[in-house]
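User: Hi! I've got a new model open and would like to walk through it with you. Could you start with a residue that has an unusual backbone?

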Amino acid sequence: MRKGTGKYGRQRCVACLAALIACVALCAPQGVAARANSAPMYWEGVTGAGTQVLTDTCPVLVERERLVFSVPDFPLTEVAQPSAYAACVSAAYTLYNPKDYTVNVRLAFPFGVVPPYYEFEHAFADGGYSVTVDGQEVQAVLRHTYAYGEFSTQTDTARLQDDYEIDAFYAPDTTVTAYEYTFENIVDGNKRDYAPYASFYIAPCEDRTRVAASQCNGFSTQKEGVKVGAFVQNGQTATVYAIGQPLAAPPQWTVYRNGGEKEKIDGNAALTSVRTCSFEAFALQNYDPDGEVSAVDWYNAVVESARLHSDVGGYARFDLAPTNNLMRWYDYTLSLAALSRCEHVVTAPLYPLIDGGYNPFKYVYTYLLSPAKGWHSFGALDIRVQTPYYMLESDGFDFQADEGGFSLSLQTLPDGELSFTLCASQQPQAVRRKESRWWVVGIVLCIGVLLAAAGGFGVLGYAIYRAAKDSRR
């Protein structure tokens, strides 16, 4: 009788243990960590800037600038008809040529990188940009440069080149060797952690070669050299480029069970071809001659992307399709007769930073005033914000509210940059998202269930011990 009791006691304990484990699994919050439906709370904006002076010596004086921000509406994060968006900034310069001869000055007006809440074709759908002198449209050339990080007058203006960028390593006629691969014979493990990953090793190349790769998004620094890789599947292709001297041998790929690169699996990368081309052809491989970007600007953007993203070990990352990372400029020349004045106006749309952590949203507008220091002399500055909305912050600028907006007059150019925040409410409320509250509740429930489970396991363990002890009697 004792033996039977011990046997069935153990079975009952095991059954209770299984039930408790199932209970823990069912009680654990499902999807606490899965927040795919979370709406974005923050969108970066586009910093505005005034006209840049490209001429080395410019005697032209800015007697006055009137800067007008017209904000009748806010940009929509989900927009069906972006052309309906009407907010813009207009900078009107009163220019004076004090010389007794005609002065020609070359200028560049940066007017936009694609904001993250608009697609390229939407952001520039209906133009909205203009350059005029005394009311007449100025003939301007559309230019593009690679945009990365915060706008800098000195850095970004220097990227405007009339010919291919002269680089110490990359030159149009530099040889590029392309090794093309196709992945095959990879076995699908049909397991949750089974996401085949392939990588290859690059030995230190010193200064004779730079290596790049298409379809690769993994990179790790080794004790010597680097490893580059990607998640792969059968039929997928990848190309490894050696810029400069060819590699001593084609790269050898290794396929792993997952991105951890701990367990090798069956599969290989078959080398399907080896070809050569010039670096110019490599850089322009995705260039559309019928598009708005010139071949020179596209080539220079690709070179600049490599400069900004290259890593140690001779590995370089190129942006071979830089469309969404291009700053658009108008490049033009103004001619001012001796002792004459003109009214020069540039206009562009406004794309603010959007802070969705408040109800209603906050919109932060930033405009660089420092580029105006490139003029020989700068006089008074009048700033006007025409809007039906509230101004919450102005970053040290003492705007005065009046009918239809806010105004500020300065006798000289300030040292800082202009930034102000607009909102549809004077007192927006910080958003406490329900999802965030459920996240906290889920964590508390998990801790509670785990503590209860730990106590239950202790009781069951003791019960199993007693049952086993009884069965031996």
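Analyst: Happy to! This is a predicted model. Let's begin with Glu261, which counts as partly exposed because its relative accessibility is 21%; the cut-off for buried is under 20%. Its phi is near 55°, a positive value in a residue other than glycine.

User: Where does Glu261 sit?

Analyst: Glu261 is in the loop between strand S16 (253–256) and strand S17 (268–278).

User: What is phi of Asp134 near, and where does that residue lie?

Analyst: Asp134 has a positive phi too, near 50°. You'll find Asp134 in the loop that runs between strand S7 (130–133) and strand S8 (136–137).

User: Nice. Which residues does a cis peptide bond join?

Analyst: Asn359 and Pro360, with omega at about 0°. Pro360 belongs to the loop between strand S21 (358–359) and strand S22 (362–368).

User: Let's change topic to charges. What's the salt-bridge situation for Glu65?

Analyst: Glu65 is buried and has no salt bridge. Arg64 is the nearest side chain of opposite charge, and it is 10 Å away.

User: So what is Glu65 in contact with, leaving aside neighbours within four places in sequence?

Analyst: Its partners include Ala91, Ala92 and Tyr93, along with Tyr367, Phe378 and Asp382. Glu65 itself is found in strand S4 (residues 61–70).

User: And Val71, is that buried or exposed?

Analyst: Val71 counts as buried, because its relative accessibility is 0%. Val71 is in the loop between S4 and strand S5 (88–96).

User: How far is Val71 from Leu350?

Analyst: The two are 279 residues apart in sequence, yet 8.2 Å apart in space, C-alpha to C-alpha. Leu350 is also one of the residues in contact with Val71, as are Tyr365, Pro388 and Leu422.

User: How much of the chain's contact set joins residues at least 24 apart?

Analyst: That's 81% of the contacts between residues at least 6 apart in sequence. The chain has 6 helices and 28 strands, and buried residues make up 43% of its 473 residues.

User: What about the accessible surface of the chain?

Analyst: It comes to about 25300 Å², with 51% belonging to carbon and sulfur atoms.

User: Last one: where does pLDDT stay under 50?

Analyst: Over residues 1–48, for which the model has 69 contacts beyond four places in sequence. Where pLDDT is low, the predicted coordinates should not be read in detail. The chain averages a pLDDT of 79, and 74% of the residues score at least 70.

How values were computed:
Residues are numbered from 1 along each chain as its sequence is written. This is a predicted model: local features need pLDDT of at least 70, side-chain atom pairs count only at pLDDT 80 or more; totals for chains, interfaces and linings use all residues. Side-chain values use heavy atoms; hydrogens and water are left out. Helices (H or I, at least four residues) and strands (E, at least two) are DSSP runs, numbered from the N terminus. Buried means under 20% relative accessible area, exposed over 50%, partly exposed in between (1.4 Å probe, protein chains only). Lys and Arg count as positive and Asp and Glu as negative; His and the chain ends are not counted. A salt bridge is a side-chain nitrogen of Lys or Arg within 4 Å of a carboxyl oxygen of Asp or Glu. Contact means heavy atoms within 4.5 Å. pLDDT is the predictor's confidence in each residue, from 0 to 100. Accessible areas come from the Shrake-Rupley method with a 1.4 Å probe; for residues, only the protein chains shown count as cover.
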